[in-house]
Amino acid sequence: MKVLVAGAGGYLGYWVTRLLTESGADVVELNRRGVAHHGQALAGDVTSAKLGLSPETLEQLADVEAVVSCFGSVDWEADPASLVNLHVSGVRNVLNTAAVLPSVRRVVHTSSLLALGRAEGTVGNRELSVGQTFRNWYEYAKYRAEAVARREQRVPVSVVRFGPLLGPAPAELVPLTGGPLQALPQLLQGMPLLLEHSGRFPVYAGDVAVAGQVIADLVRAEDAPAVCTYYDPARPTLARILHELCQPYGTVPRIVQGGRRARVAQRFAASRLGLAKESLEYTAPLPVLDPDVLAALPRPVRAERPGYIAETAEVLRDARRVLSSVTEVSTS
């Protein structure tokens, strides 16, 4: 099987291409740099029509049977127009390209639980537009992108939603923005973090390697679901995640109970200290997910690897990525 992976150079893309290649698939890794970790490299741009590929290159992709869309910045503070263009126009361009490749039988679109924004009540796989508001442009962009993928009629599409993903990969690929890792520099400096319920709520995090396996299974499935959701069934709380992320550094995070007003003050103080205003967006619980969402996943689902949360921080510690950012903030 030949699979085109858009966004192959990213954190999740690393695991998707690795697992597909290990299972014998012929993987074409599309990214702007034209480099590959495990398969065949292909330079392209999802924000361009036909992914910026020449007619000759598209002809060489005529035997591609599946397309995976797992690109996208997780920088919540990026320019709103560029975020929406990347996620929404990018998905349209991937779908338009998949529709003209004659052998494609499925597109797997990677979405996010943040597409649900501040949705209230219990939400399942079917729900998307539930009258929610959004905390940032990233959430809105992911919502719009999933809506585009759901409306596609020319080629079958499977949408898979993930929460924040953690786990080892090459250190340069592990994102330090857009999730619990964004709070790590603040916590390593001994600064308190104000969270509702002291962070004792799940953020539906998951193991990036298992997420990659879920996508690989969707690529091969004979009857893949239209929408499915993956997260660690143990549902680790935000507090537990932050403690495990700090453990390799020998630090105990200072997590404090805080309401809405306290969190606003925290953002203001963080900006004065040179930290990102949105040092942690998961300060309040996410929408409640129906436990049955996991039943739609392709079977069998690989079990979580013990220690995948702490392993993330160990990779970053050994590469001194987080420690260098702490030093920059401390001396600014």
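In what follows, a residue counts as buried under 20% relative accessible area, as exposed over 50%, and as partly exposed in between. The exercises below concern a predicted model.

**Exercise 1. Classify R240 by its relative accessibility, and describe the salt bridge that R240 forms with E244.**

Step 1. The relative accessibility of R240 is 37%, a value between the two cut-offs, and R240 therefore counts as partly exposed.

Step 2. The side chain of R240 meets that of E244 in a salt bridge, with 2.6 Å from N to O.

Step 3. Both residues belong to helix α7, which covers residues 238-246, and they stand four residues apart, about one turn of the helix.

**Exercise 2. Find which residues are joined into one network by salt bridges that share partners, and examine the pair R161 and E146.**

Step 1. The residues E146, R150 and R161 are joined into one network through salt bridges with shared partners.

Step 2. Between R161 and E146 the closest N and O atoms are 2.9 Å apart.

Step 3. Since R161 lies in strand β7 (residues 157-162) and E146 in helix α4, the pair ties together parts that are 15 residues apart in sequence.

Step 4. As for accessibility, R161 and E146 are both buried.

**Exercise 3. State how many salt bridges the structure holds, and decide whether R18 and E22 are buried, partly exposed or exposed.**

Step 1. The structure holds 10 salt bridges, and one of them links the side chains of R18 and E22, at 3.2 Å from N to O.

Step 2. These two residues lie in helix α1, where four residues, about one turn of the helix, separate them.

Step 3. R18 has a relative accessibility of 28% and so counts as partly exposed, whereas E22, at 56%, counts as exposed.

**Exercise 4. Describe the largest pocket by its volume, its central residues and the make-up of its lining.**

Step 1. The volume of the largest pocket is about 1100 Å³.

Step 2. Its lining consists of 45 residues, of which G10, Y11, G72, S73 and V74 are the closest to the centre of the pocket.

Step 3. Two or more lining residues come from each of the elements α1 (11-22), β2 (26-31), α3 (80-100), β5 (106-112), α4 (137-151) and β8 (165-166), and β5 gives the most, with three residues.

Step 4. Sorted by kind, the lining residues of this pocket are 24 nonpolar, 15 polar and six charged.

**Exercise 5. Identify the residues of the largest nonpolar core that touch the most other members, and follow the contacts of V68.**

Step 1. The largest nonpolar core has 73 residues, and those that touch the most other members are V5, L12, L20, V68 and L242.

Step 2. The element that gives the most to this core is helix α6 (residues 208-220), with nine residues.

Step 3. When neighbours within four places in sequence are left aside, the contacts of V68 are V3, L4, V5, A6, V16, V108, I215 and V219.

Step 4. Another core, of 31 residues, lies apart from the largest one, and its members include A6, V94, V155 and V159.

**Exercise 6. Locate Y308, and explain why Y308 counts as buried.**

Step 1. Y308 lies in helix α9, which covers residues 308-319.

Step 2. Because its relative accessibility is 3%, which is under the cut-off for a buried residue, Y308 counts as buried.

Step 3. Beyond the neighbours within four places in sequence, Y308 is in contact with several residues, among them L166, G167, P168, A205 and D232.

Step 4. From Y308 to A209 the separation is 99 residues in sequence and 9.1 Å in space, C-alpha to C-alpha.

**Exercise 7. Compare the surroundings of K50 and S198, and then describe the peptide bond from R299 to P300.**

Step 1. Most residues other than glycine have a negative phi, and most peptide bonds are trans.

Step 2. K50, although not a glycine, has a positive phi of about 55 degrees, and S198, also not a glycine, has a positive phi of about 55 degrees.

Step 3. K50 is found in the loop between β3 (40-43) and α2 (55-60), and with a relative accessible area of 55% it is exposed.

Step 4. S198 has its place in the loop between β9 (193-195) and β10 (206-207), and with a relative accessible area of 15% S198 is buried.

Step 5. Not counting residues up to four places away in sequence, S198 touches A239, I255, V256 and Q257.

Step 6. The peptide bond from R299 to P300 is cis, with omega near -10 degrees, and P300 is found in the loop between β13 (288-289) and α9.

Terms used
Residues are numbered from 1 along each chain as its sequence is written. This is a predicted model: local features need pLDDT of at least 70, side-chain atom pairs count only at pLDDT 80 or more; totals for chains, interfaces and linings use all residues. Side-chain values use heavy atoms; hydrogens and water are left out. On a 1 Å grid over the protein atoms alone, a cavity is a set of points where a 1.4 Å probe fits but cannot get out, and a pocket is an open set with protein on both sides within 12 Å along at least five of seven lines; lining residues have an atom within 4 Å of a point. Grid points are joined across faces, edges and corners, and a volume is the space filled by probe spheres set on the points. Ala, Val, Leu, Ile, Met, Phe, Trp, Tyr, Cys and Pro count as nonpolar, Asp, Glu, Lys and Arg as charged, and the others, Gly among them, as polar. Buried means under 20% relative accessible area, exposed over 50%, partly exposed in between (1.4 Å probe, protein chains only). Contact means heavy atoms within 4.5 Å. A salt bridge is a side-chain nitrogen of Lys or Arg within 4 Å of a carboxyl oxygen of Asp or Glu. A nonpolar core is a set of buried Ala, Val, Leu, Ile, Met, Phe, Trp, Tyr and Cys residues joined through side-chain atoms within 4.5 Å.
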